[in-house]
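Visitor: Before I rely on labels such as "patch", "exposed" or "buried", I would like to hear the reasoning behind each of them.

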Amino acid sequence: CVFVTKMTAGNHSTVTEFILAGLTENPELQLPLFFLFLGIYVVTVVGNLAMITLIGLSTHMHTPMYYFLSNLSFIDLCHSTVITPKMLVNFVTERNFISYQACMIQLYFFLVFVISECHMLAAMAYDRYVAICNPLLYNVTMSYQVCSWLVVGVYILGLTGATAHTGCMLRVLFCKADRINHYFCDLFPLLELSCSSTYINEVVVLCFSAFNILAPSLMIFSSYVFIIASILRIHSTEGRSKAFSTCSSHISAVAVFFGSTAFMYLQPSSVSSMDQGKVSSVFYTIIVPMLNPLIYSLRNKDVRVVLNKFLDKRRERVFCLRKTL
């Protein structure tokens, strides 16, 4: 039996535990994948914590762009932490159990952070639009109060979407003797186990996914249409290059994240393949949270300068400490 059930009135059974199928059933791949994803998770944690710390400590980076970037790093850190540790445990255990309560909690917080990331990327695109298209009004338009409300709105949208999806999932009756064909508790793999109607759930998934993917995508696309139009009006090559460089890292992050989420969620469950879904899920749950701090640190001059200053100070302290000893 692949999950544990308990009997309730009316000869129905309710699930108390699931088994996660994981990324692969090949035992020879379990240990190499464990070390691979452990390495990715360490880089993710160190990279995002470093980004948050650098932005917090450097007064030069206390600007709207870096305020949004620090929140993106926080979301990426939490997003990865909701998924990766449990997946790593599953690589080294024989039976990959997860309780019903833990599964619903994982689903809820996964949705909170994945939805928040969609809208945070849109807020960052709007910030770049104002900076390039209306530079004289930038400080007024992107004031501390406006930025704070934008970030609060992002988290409210994440909490609202997660509450709606998880609330609908709690009403689903699970009684099929089958496992979750995924490495974490996601919407479509859970709905496949239902023995009650999932019509409402699928409508909610499609509507919320369309809003949370298409609305930010539209905001990002329209922002960059105006940004590109403004950049093309700049006569100097140096000016164009500088304007493009402020957007290139954001465009890279957007392309990977929205491409993989759209592939996973903007198609009916009957059409989507769970094996394909696992691959795309790896990108936006594990790879993207690792890539974002790398993209923004390697392609952003301000971050590189602050990081070099921080490392130089550390070297000086170590040198002085060795001298005193």
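Guide: Let us begin with the patch: its residues must have over 30% relative accessible area and no salt bridge, and like charges are joined within 9 Å, with Lys and Arg counting as positive. In this predicted model, Lys309, Lys313, Arg314 and Arg317 form such a positive surface patch.

Visitor: Why is Lys309 called exposed?

Guide: The relative accessible area of Lys309 is 54%, and exposed means over 50%, so Lys309 meets the definition of an exposed residue. Lys309 belongs to helix H10, which covers residues 301-324.

Visitor: And why does His79 count as buried?

Guide: Buried means under 20% relative accessible area; His79 has 0% relative accessibility and is therefore classed as buried. His79 sits in helix H2, residues 64-91, and, leaving aside residues up to four places away in sequence, touches Phe110, Phe113, Val114, Glu117, Tyr284, Thr285 and Pro289.

Visitor: What makes the nonpolar surface patch, and where does Val92 lie?

Guide: That patch, of about 540 Å², is made by Leu31, Phe35, Leu38, Val42, Val46 and Val92, and nonpolar side chains are joined within 5 Å for this purpose. Val92 lies in the loop between H2 and strand E4 (97-99).

Visitor: How many residues does the protein chain have, and what share of them counts as buried?

Guide: The protein chain has 325 residues, of which 46% count as buried, and its secondary structure comprises 10 helices and four strands. The chain exposes about 16600 Å², with carbon and sulfur atoms supplying 67% of that area.

Conventions: Residues numbered from 1 in each chain as written. Predicted model: local features only at pLDDT ≥ 70, side-chain atom pairs only at ≥ 80, totals over all residues. Heavy atoms only, no water. Areas by Shrake-Rupley, 256 points an atom, 1.4 Å probe, with all protein chains shown as cover. Salt bridge = Lys/Arg side-chain N within 4 Å of Asp/Glu carboxyl O. Charge placed at Lys NZ, Arg CZ, Asp CG, Glu CD. Helix = DSSP H or I, 4+ residues; strand = E, 2+ residues; numbered from the N terminus. Buried < 20%, exposed > 50% of the residue type's maximum accessible area, 1.4 Å probe, protein only. Contact = heavy atoms within 4.5 Å.
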